[in-house]
Amino acid sequence: MNEDAIRSLLTEEAWTRTALTTYTVPMFQEIDTTIAGIQGSEDLLEVKSICDEHLKKNKNSIAALYISGIISVMRKSFDYGNITNLIEMFIENGKDGIAEFLSLKVLDAFEDKYVLRILASIYEKQGKREEAYALYERLVAVDFEETELLITLAEKALEQDQREKAIAYYKKAFQRYLNAQSYQSVIEVFTILFDMMPDEFPYVLSLAERIAEKFNGEPAFKPIGALYQRSLEHDNYDNAIDAMKTILDFSPTNDWAREQLVATYKKKYANHSRLASCIESSNLDKAYRDIHLAINEFEKNIAFDKGSFVFHKSWAIGRIKEITSEHVIIDFPSKRGHSMSLAMAFSSLQVLPAQHIWVLKSLFPKDKLKEKFITDVPWGLRTLIQSNGNAATLKTMKSEIVPSILSAKEWTSWLNKAKKVLMNDPLIGFLPNASDVYTVRETPISYEEKSLGIFRNEKRFYAKVKIIRDFLINGDVESDFFIEMVKYFRDQCSIYQGVTDQVISSYLLVDYLARRYPFIARPEGAEFKHLYGMLDSIEQTFEAIEDAELKKAFIDKVVETEDPERVPVVLVSLYPYYLTNYIMDTLREQGKNRVISDMFKKACRNYKENADLFTYLSRSYDRKFWEKKIRIPFETLITSQLQLLDYAFNAIEAKRATAENKKIVKTLLTILFDERSLYQFLDEANEGQAQRINFIIQRMESLEMSKKLEVKHVILERFPDFVFLGEDLDSKEMVSSGLMVTRTRYIEKQNELDHIMNVEIPENSKEIGAALELGDLRENSEFKAAKEKQGILNATMVKLTDEISRANVITKEQIDVSKVSFGTKVTLKNNITGDMQEYRILGPWESNPNENTISYMAPFGAKLLNHTPGERFTFDINEKPYDFTVESIEAIAI
């Protein structure tokens, strides 16, 4: 679309002399149709620039505001304020329909909380309650200061019998009230969750702990007290004890909690023969004794009871037969009825639970335990982990059961099953600072907690960045787990010795999070301008940043803080290290078209020094852009691309930056040959230009002979009398024959093309249609796979169509046995080894080197062509010498 057409639209009476009250949605849809016809980001930005310029003189131009804003939305640029301005204008004038239309445009690209509120209010006025609530659900996901609405959504979910959904909203409300330190609101929501989740004691206790951490004084312990009372009412003494222990962790001198703890222990162990003595000896009920020491001593003493299993380092597993205030009598396998003093028992014996692996080994035969471990892997894992103090590695587990229960081979099989359980069982987690140490949990591990565990154990900085980015999509950003991860990055950019890419990246990430989430605090004393000024090398730092979004943020900050005169210079210097359109678009938005043009010209002119950049620009921008915008002739572009291809081939041969140069070769071959850019140029070239291009191509030793011959064929089709300077006439004869093939292979290729066009492509189209019905294309693996297959099928179809169009079927009568040529079998004497070697010379379709059938277009086959019987000839391929004498030539059946 040209500039005049846009300017004409902006000045049409329909848009300049119409009152706001007379605008309609179809008028904007007409503009959408016009914008849809604009191809490429370059033209879109040009149109936006025209509209922005128009707005400087006509600030209320509806068309200009809409076009400028909608292009920003299309480009996912946050500079779409013109659309929100329009929404406000139309709402003020009672045009809710247009405001809704514009709001939906924005919300297709952004979860803008302001626009979400506006559209929800429109739906409320229209009586569309369900549509409004759907927007409220989206709103609370992006507006982290909105809490009352969470309560409203939770109540609505309860009305619709969606209990789990309601709980999720109440949990979010709890966190937000807690962040806001609103004690009364926190207590109200806690009470609701307390009533809704009576069987989830560990989780509700964790909420109560967070209240105690956030608020000071006795009121902070009220929720824990409520949990204690409920546990007592249900005779759940273990939970009641945990509740009192929690209060005592916060307040060790809390007399009430201590009294309740003692009272609960008495209820739990009411039938224990030594209850009173254990309380007395531990001083559990004495305020002067440290409560935690008293608890440890009491629980150790109370564990000694008749029937308890114990372990002795010399006598192994035993069982307490009798216990008095003075002595303990224990049955060990080798010492039945062994007596020891109570003091000696406490110091030398370890009480074991009945399900401890050592106890099980002592009670059950090996075969029975083996069967149990093999048939019930989760049970085996829990047993081993809990037997090791609820913290065990796989190595520790193996030492417990190999070879005492499983053989080494059986362990290997068991381990494979165990690993799957460890990955998927939500009740088995790992220690916070040791991801290889497994633990059995009381409550299922959440995504948030698991992510934090992985984050803590991850050593690589940018892998941590990836974890937090995944968390933003899948986790609860208002959780303490997220806050801890963010703290790591805040510390990175607050405490440092030198400014590295990781310091800069930490600042950029936290800055982004702080802008998105108001409860995230920015790094104290850290500013990008200061950090940026301390960099030893801007380019090296930028190159080291491994996260694409952080590279974008770095670019944005450069534009924001750098001297305006230096911005283009810096951005151009960064381009080779971030080969996307982002820097280009940023420069264009800055109005630096001259800088862009100079960068393209420099890359094309100095293609060796800017190999990656020039390759990227060649791939990303078509001939029209290079010629029209950059004013570089097509011949100059093609010549630079060919020369860079030759340079990359040579670099690979010399083993210099092999991986990088292979990428360059692959890209340029695709542009020049597969996408036929080179042939497009040759179709328009004069003889002099064709001669120059052919000279460059024929000197490329690593370029496939088939491509060299194809270029000659294209040139001869355009210029039948063309003389290839420096080459003999035989090569011309070979080229003029096109692609030589046998009739059998020609028919096979036609059948292959027919099958692709009439079977595979229609089937692929059905696959794409089915995949589209699955929804969101960003996460639609079926759609991506089908589209990839479509690309492969189309490329194969184009290649086959081209080859078949150039194919020249050679019959037996056309075979020339006076020299090595297509359709002949040649017997050669290898003058280096003295061996006799036979080769069949056919085309690329028939080639099979394993059977000595060689393509005349392959490097080796091309070197054999046109030699006659008795002739001796030599050549080198890839630095390997060859020396042959032609012994005989005969025709082969084709």
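Two strands are taken to pair if DSSP finds at least two bridges between them, and strands (E, at least two residues), like helices (H or I, at least four residues), are DSSP runs numbered from the N terminus. The model is predicted, with local features needing pLDDT of at least 70 and side-chain atom pairs counting only at pLDDT 80 or more, while totals for chains, interfaces and linings use all residues. Residues are numbered from 1 along each chain as its sequence is written, and side-chain values use heavy atoms, with hydrogens and water left out.

**Exercise 1. Follow the antiparallel pairing through strand 2, strand 3 and strand 4, and place these strands in their sheet.**

Step 1. Begin with strand 2 (residues 316–323) and strand 3 (residues 327–331), which pair in the antiparallel sense over four bridges. Within this pair, R319 stands opposite D331 of strand 3, and the two strands form a hairpin with three residues between them.

Step 2. Continue from strand 3 to strand 4 (residues 338–341), to which it is joined by four bridges, again with the strands running antiparallel. Here I330 stands opposite H338 in strand 4. The hairpin of strand 3 and strand 4 has six residues between the strands, and G337 takes a positive phi near 65 degrees in it.

Step 3. Now add strand 1 (residues 309–312), which three bridges join to strand 5 in an antiparallel arrangement; the bridge partner of F309 in strand 5 is L352.

Step 4. Assemble the pairs: the result is an open sheet of five strands in the order 4-3-2-1-5, with antiparallel pairing. Its edge strands are strand 4 and strand 5 (350–352), each of which pairs on one side only. Neighbouring strands of this sheet are turned against each other by 40 degrees on average, direction ignored.

**Exercise 2. Describe the sheet that contains strand 13 and strand 14.**

Step 1. Read the order, which is 12-11-10-14-13 for the five strands of this open sheet, and note that the pairing is mixed.

Step 2. Identify the edges, namely strand 12 (853–855) and strand 13 (872–877), each pairing on one side only. The twist from one strand to the next averages 45 degrees.

Step 3. Examine the pair at one edge, where six bridges join strand 13 to strand 14 (residues 880–891) and the strands run antiparallel. In this pair I877 stands opposite K880 of strand 14.

**Exercise 3. Characterise the packing of helix 12 on helix 14 and of helix 16 on helix 18.**

Step 1. Take the geometry of helix 12 (residues 183–196) and helix 14 (residues 222–233), which pack at an angle of about 20 degrees with their axes 11 Å apart. That angle makes helix 12 roughly parallel to helix 14, since angles under 35 degrees count as roughly parallel, over 145 as roughly antiparallel, 65 to 115 as roughly perpendicular and the rest as oblique. The axes are lines fitted to C-alpha atoms, for helices over the stretch in contact, and angles run from 0 to 180 degrees between N-to-C directions.

Step 2. List the residues in contact (heavy atoms within 4.5 Å): Y183, I187, F190, F194 and D195 of helix 12 meet K222, P223, A226, L227 and R230 of helix 14. By class, this contact of helix 12 with helix 14 has seven nonpolar, no polar and three charged residues.

Step 3. Repeat the analysis for helix 16 (residues 255–268) and helix 18 (residues 291–302), whose packing angle is about 5 degrees and whose axes are 12 Å apart. That makes helix 16 roughly parallel to helix 18. R258, L261 and Y265 in helix 16 meet I291, A294, I295, F298 and E299 in helix 18, a contact that by class has six nonpolar, no polar and two charged residues.

**Exercise 4. Locate a salt bridge and two backbone features in loops.**

Step 1. Apply the criterion for a salt bridge, a side-chain nitrogen of Lys or Arg within 4 Å of a carboxyl oxygen of Asp or Glu. The structure holds 53 salt bridges; one of them is formed by K557 with D511, the closest N and O atoms being 3.4 Å apart. The pair links distant parts of the chain, with K557 in helix 31 (residues 548–561) and D511 in helix 28 (residues 501–516), 46 residues apart.

Step 2. Inspect the peptide bond between V402 and P403, which is cis with omega about 5 degrees. P403 has its place in the loop between helix 23 (394–401) and helix 24 (408–424).

Step 3. Finish with A657, a residue other than glycine whose phi is positive, near 45 degrees, and which lies in the loop between helix 37 (634–653) and helix 38 (658–674).

Definitions and conventions:
Nonpolar A, V, L, I, M, F, W, Y, C, P; charged D, E, K, R; others polar.
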